[in-house]
Amino acid sequence: MSHVPRMITGLFRRAGVIALVLGSAAIGMAANADARTGQEPQYCMNFALDYAEELAAHARIEALHDEQATILANFEALMDDETRPPEARLEELRTMLRSREMRDFDREIRRALRILDEGRSIVAGWRGQYCPVARPDGGAGLSGQERCDALAAIFVDQIRIERRSAEQTRLYEALETERQTILKARITRSDRNDLLELLRLRTEAVETLDRLERFIMLRNEAQDLIDGIAAENCGTPERS
């Protein structure tokens, strides 16, 4: 019978361990809940708002978009001008790209696109801080800080979602078809290389224009967030 007390003692020990584990899990869940609800209630909102204000502050984004559209049109005209040899067309394009105006424009474009690329860090940081997910109803029926958090979540979700439109898909498919046509054409290696380089530069110009259009879209979403937070009067004292 001496084994009975040992069994009882073992049961108590296991019960103690289970209670300790459950207690630790409960503490962890509570900590995560605190992070989600926010010991600093406006942290998530301000995290998104800082980036929104950076996007909204870029006053020249439409001008950059229009200038890039003009440049792309010039690229396309050179690409389609079959009255001149590929080498001459490529040299004209390279001369244009080496101009001081184009170098200044390129630097401005790169600064804008760096701001756009910061969006990936915003999405990752939003998840890492247990910030709220976007509500399907867009926060309808909410008010005050809850609505501001919902608006911020919608904004971050727009940053996360990046899909090509049907028109963009058709355009990139056409560019790939053109590349295949050049590769299969009965032309000299030199002409093929020049045409492929012209096409590469044209494709890069298309991609840049697409990214500037996305910047404008997110800038509009950013302004909606700024206006929505102002309407709910959720700003921190430092911001007001």
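Which residue just after helix 8 takes a positive phi? Asn233 does, with a phi of about 60°. The views below come from a predicted model.

**View 1. The whole chain is built from helices.** The secondary structure comes to eight helices and zero strands. Read along the sequence, the pattern is α-α-α-α-α-α-α-α. The protein has 240 residues, and 32% of them count as buried. Contacts often span the sequence: among those between residues at least 6 apart, 79% join residues at least 24 apart.

**View 2. Cys44 and Cys131 form a disulfide**. A disulfide is a covalent bond between the sulfur atoms of two cysteines. The structure holds two of these bonds. In the pair Cys44 and Cys131, the sulfur atoms lie 2.0 Å apart. This pair links distant parts of the chain. Cys44 sits in helix 2, residues 43–56. Cys131 sits in the loop between helix 5 (100–128) and helix 6 (144–160). The two cysteines are 87 residues apart. The torsion about their S-S bond is about -85°, so the disulfide is left-handed. Both Cys44 and Cys131 are buried.

**View 3. Cys148 and Cys234 form a disulfide**. Their sulfur atoms are 2.0 Å apart. Here too, distant parts of the chain are linked: Cys148 belongs to helix 6, while Cys234 lies in the segment after helix 8 (189–232). The separation along the chain is 86 residues. The torsion about the S-S bond of Cys148 and Cys234 is about 85°, so this disulfide is right-handed. Cys148 is buried, as is Cys234. With the bonded cysteines numbered in sequence order, the pairing is 1-2, 3-4.

**View 4. Helix 6 packs its buried residues against helix 2, helix 5 and helix 8**. Helix 6 has 17 residues. From first C-alpha to last, helix 6 reaches 25 Å, close to the 24 Å expected at 1.5 Å a residue. Its buried residues are Cys148, Asp149, Ala150, Leu151, Ala152, Ala153, Phe155, Val156 and Ile159. One of them, Cys148, also takes part in the disulfide with Cys234.

**View 5. Helix 6 and helix 8 have axes that come within 9 Å**. Two packed helices are described by the angle between their axes and the distance between the axes. The axes of helix 6 and helix 8 cross at roughly 175°. That makes helix 6 roughly antiparallel to helix 8. On the helix 6 side, the contact is made by Gly144, Arg147, Cys148, Leu151, Ala152, Phe155, Gln158 and Ile159. Helix 8 contributes Arg214, Met217, Leu218, Glu221, Ala222, Leu225, Gly228, Ile229 and Glu232. By class, this contact has 10 nonpolar, three polar and four charged residues.

**View 6. Helix 8 has the span expected for its 44 residues**. At 1.5 Å a residue, helix 8 should span 64 Å. Its end C-alpha atoms are 64 Å apart, which agrees. Just after helix 8 comes Asn233, with its positive phi.

**View 7. Arg202 is found in helix 8**. Is Arg202 buried or exposed? Arg202 has a relative accessible area of 11%, so this arginine is buried; the cut-off is under 20%. Leaving out residues up to four places away in sequence, Arg202 touches Leu72, Phe75, Glu76, Met79, Asp80, Leu175 and Glu178.

Notes: Residues are numbered from 1 along each chain as its sequence is written. This is a predicted model: local features need pLDDT of at least 70, side-chain atom pairs count only at pLDDT 80 or more; totals for chains, interfaces and linings use all residues. Side-chain values use heavy atoms; hydrogens and water are left out. A disulfide is a pair of cysteine sulfur atoms within 2.5 Å. Helices (H or I, at least four residues) and strands (E, at least two) are DSSP runs, numbered from the N terminus. Buried means under 20% relative accessible area, exposed over 50%, partly exposed in between (1.4 Å probe, protein chains only). The expected span of a helix is 1.5 Å times one less than its number of residues. Contact means heavy atoms within 4.5 Å. Axes are lines fitted to C-alpha atoms, for helices over the stretch in contact, and angles run from 0 to 180 degrees between N-to-C directions. Angles under 35 degrees count as roughly parallel, over 145 as roughly antiparallel, 65 to 115 as roughly perpendicular and the rest as oblique. Ala, Val, Leu, Ile, Met, Phe, Trp, Tyr, Cys and Pro count as nonpolar, Asp, Glu, Lys and Arg as charged, and the others, Gly among them, as polar.
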